[in-house]
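Here are my notes on the model you sent, written as numbered points so that you can follow each one with the structure open beside you.

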2 protein chains.
Amino acid sequence: MLPYKELARLDKLVHEPARLAILTALSACTLAEFLFLQELTGLTKGNLSSHLAKLEKAELIVIDKHFIRKKIPQTTVRITDEGRAAVDRHWKQLASIHRAIQRQGAHNENHIVSRTTLT
Amino acid sequence: MLPYKELARLDKLVHEPARLAILTALSACTLAEFLFLQELTGLTKGNLSSHLAKLEKAELIVIDKHFIRKKIPQTTVRITDEGRAAVDRHWKQLASIHRAIQRQGAHNENHIVSRTTLT
DNA sequence: AGAACCAGTTTGTAATGTAAACCTAAAAAA
DNA sequence: TTTTTTAGGTTTACATTACAAACTGGTTCT
């Protein structure tokens, strides 16, 4: 596929900044506490909560809500294999698209203009 | 800034897939025709039109609507210096954040879990 | 004249992301 | 003991967004 087309079609579930941050952070953890994740990403609790819900629905993460000593609520999050694959793929895709474009830009001297010159 | 925080705060005007594609394409051109850009990115006319409007409003591009031989309407687009700087910065920022995270991941053996372990 | 086409723009709408308000329970203060 | 504050999130409300579909104004074909 043309690199610009690929770029325009990136998976927005993963690409969205807050979720890319969450997924990337999680892919470096075995398990993460809600509040830890919040500190890491700088998101508000509300936003973190709803982004996590969206990621869980897509089965990219698993959320576990429980209580510490039957008292304090704690939410922990793990990335799924599918989630890890998705975020990995996304970073690789970004890099590969960017490389492809830079190579192309280098050899046509940056003067593409019209449809008629499209190769 | 913590890399995950930086990631979560990326400029969405530039980061959005369609617009990142448009800006990146334009930064490799001196000038581009509307229809050429459409072919390159695979966007529909409607979407391309509204994304372009948004980018123009932010002064990242300049749009010129004119007629060929006073007959056929033609819209051409150029990226501004500001736009070129923004898209350039964005790609560099993505790469640098990713590098920073990979380095960090490498030396703490991927078991970060809770706030109390945050360095 | 009418039909089809071209090059885009505008409109309508469903989904998105965010901040602010809210909830439940525990700990601290009065 | 009652009240207040804090902790750990969730839910709600709203403004913004992105997209597809419908539309516009002109042109060429028949």
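**Notes on the two chains and their contact**

1. In chain A, a good place to begin is A:I61, whose bridge partner in β3(A) is A:I79. Please keep in mind throughout that this is a predicted model. The pair belongs to a longer ladder, since eight bridges join β2(A) to strand β3, residues 72-79 of chain A, and these two strands run antiparallel.

2. Stepping back to the whole sheet of chain A, one finds three strands in an open sheet with the order β1-β3-β2, and the pairing is antiparallel. The edges are taken by β1 (32-33) and β2 (61-68) of chain A, each of which pairs on one side only. As general background, strands of a sheet pair through backbone hydrogen bonds, and they may do so either parallel or antiparallel.

3. A helix also belongs in this picture: α5 of chain A, residues 45-57, lies across β2 and β3 of chain A, and its direction makes an angle of about 125° with β2(A). In chain B, helix α5 (residues 45-57) likewise lies across β2 and β3 of chain B, running at about 125° to β2(B).

4. The sheet of chain B is open and has three strands in the order β1-β3-β2, with antiparallel pairing. Why is one side of β1 and of β2 of chain B left without a neighbour in the sheet? Both strands stand at the edges and each has a single partner strand, so one side of each has no neighbour there.

5. The pairings within chain B can be followed residue by residue. Two bridges join β1(B) to strand β3 (residues 72-79) of chain B in an antiparallel arrangement, and B:A32 stands opposite B:V77 in β3(B). Strand β2 (residues 61-68) of chain B is joined to β3(B) by eight bridges, again antiparallel; here B:H66 stands opposite B:Q74, while B:F67 stands opposite B:P73. The hairpin of β2(B) and β3(B) has three residues between the strands, and in this hairpin B:R69 takes a positive phi near 50°.

6. Turning to the contact between the chains, how many residues does each one give? Chain B and chain A contribute 39 residues each. Between them the two chains bury about 4000 Å², and 70% of this area is on carbon and sulfur atoms.

7. Charged pairs deserve a careful look, and side chains of opposite charge can pair when their charged atoms come close. Over all chains, the whole structure holds four salt bridges, and the count between chain B and chain A is two. A:E16 forms a salt bridge with B:K12, with the closest N and O atoms 4.0 Å apart. This pair crosses between chains, from A:E16 in the loop between α2 (12-15) and α3 (17-26) of chain A to B:K12 in helix α2 of chain B. The side chains of B:E16 and A:K12 also meet in a salt bridge, at 3.8 Å from N to O.

8. Across the same interface, three residue pairs are in polar contact, with both residues at pLDDT 80 or more. On the side of chain B that touches chain A, the elements giving two or more residues are α1 (3-8), α2 (12-15), α3 (17-26), β1 (32-33), α4 (34-41) and α6 (81-107) of chain B. Among these, α3(B) gives the most, with six residues. By kind, the residues on this side of chain B divide into 24 nonpolar, nine polar and six charged.

Methods. Residues are numbered from 1 along each chain as its sequence is written. Chains are lettered from A and ligands numbered from 1 in the order in which they are written. Side-chain values use heavy atoms; hydrogens and water are left out. Two strands pair if DSSP finds at least two bridges between them. Helices (H or I, at least four residues) and strands (E, at least two) are DSSP runs, numbered from the N terminus. Contact means heavy atoms within 4.5 Å. Axes are lines fitted to C-alpha atoms, for helices over the stretch in contact, and angles run from 0 to 180 degrees between N-to-C directions. Buried area is the accessible area (1.4 Å probe) that two parts lose on being put together, summed over both. A polar contact is a pair of N or O atoms within 3.5 Å; within protein, one must be able to donate a hydrogen and the other to accept it, and residues adjacent in sequence count only if both atoms are side-chain atoms. Ala, Val, Leu, Ile, Met, Phe, Trp, Tyr, Cys and Pro count as nonpolar, Asp, Glu, Lys and Arg as charged, and the others, Gly among them, as polar.
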